[in-house]
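Here are my notes on the model you sent over. I've kept them as short points so you can check each against the structure.

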Amino acid sequence: MKVVAKDIEMIAYFKKSGKIEPLKFRVEEENKYKVIKINKIVKKSQERFCGNKMLIFTCISVIDNLERIIEIKYDVEKCNWILYKV
């Protein structure tokens, strides 16, 4: 996986317990938007980065007809989603 660190627009499901389940996201590439569905969440973790709590999701998605492992991050304090690794 390579680091891309792009801001993305996310559709996510919030459970009663407060847990977040990302469903699909939209990323801009070359002035066009691409919608990518998250097929499976493989791993969830959290870390602190520059003092901010980040939720990290390692997922499986199909991108350009290839199944790929991706890493997305959610900045809890800024409410911002990042496609971190592809």
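1. Start with the turn at C50: this is a predicted model, and in it C50 has a positive phi of about 55 degrees. C50 sits in the turn of the hairpin formed by β3 and β4, with two residues between the strands.

2. The pairing behind that turn has ten bridges, with β3 and β4 (residues 52–63) antiparallel. If you want a spot to check the register, look at I38, which stands opposite S61 in β4.

3. Now go to the other end of β3. β2 and β3 also make a hairpin with two residues between them, and here E30 is the turn residue with a positive phi of about 55 degrees. Strands β2 (residues 20–29) and β3 (residues 32–49) run antiparallel and are joined by six bridges. For the register here, V27 has K34 in β3 as its bridge partner.

4. Zooming out, don't go hunting for helices: the count is zero, against six strands. The radius of gyration is 13 Å and the globule rule gives 12 Å for 86 residues, so the protein is as compact as a globular protein of that length. The C-alpha trace spans about 35 × 25 × 20 Å along its principal axes.

5. On packing, 33% of the 86 residues count as buried. Among contacts with a separation of 6 or more, 31% come from residues 24 or more positions apart.

6. Last, the surface. The accessible area is about 6,100 Å², and carbon and sulfur atoms hold 49% of it. As for charge, there are 19 positive and 12 negative ones, with mean positions 6 Å apart.

Note on methods. Residues are numbered from 1 along each chain as its sequence is written. This is a predicted model: local features need pLDDT of at least 70, side-chain atom pairs count only at pLDDT 80 or more; totals for chains, interfaces and linings use all residues. Side-chain values use heavy atoms; hydrogens and water are left out. Two strands pair if DSSP finds at least two bridges between them. Helices (H or I, at least four residues) and strands (E, at least two) are DSSP runs, numbered from the N terminus. The radius of gyration is taken over C-alpha atoms; the globule rule is 2.2 Å times the number of residues to the power 0.38. Buried means under 20% relative accessible area, exposed over 50%, partly exposed in between (1.4 Å probe, protein chains only). Contact means heavy atoms within 4.5 Å. Accessible areas come from the Shrake-Rupley method with a 1.4 Å probe; for residues, only the protein chains shown count as cover. Lys and Arg count as positive and Asp and Glu as negative; His and the chain ends are not counted. The place of a charge is taken as NZ of Lys, CZ of Arg, CG of Asp or CD of Glu.
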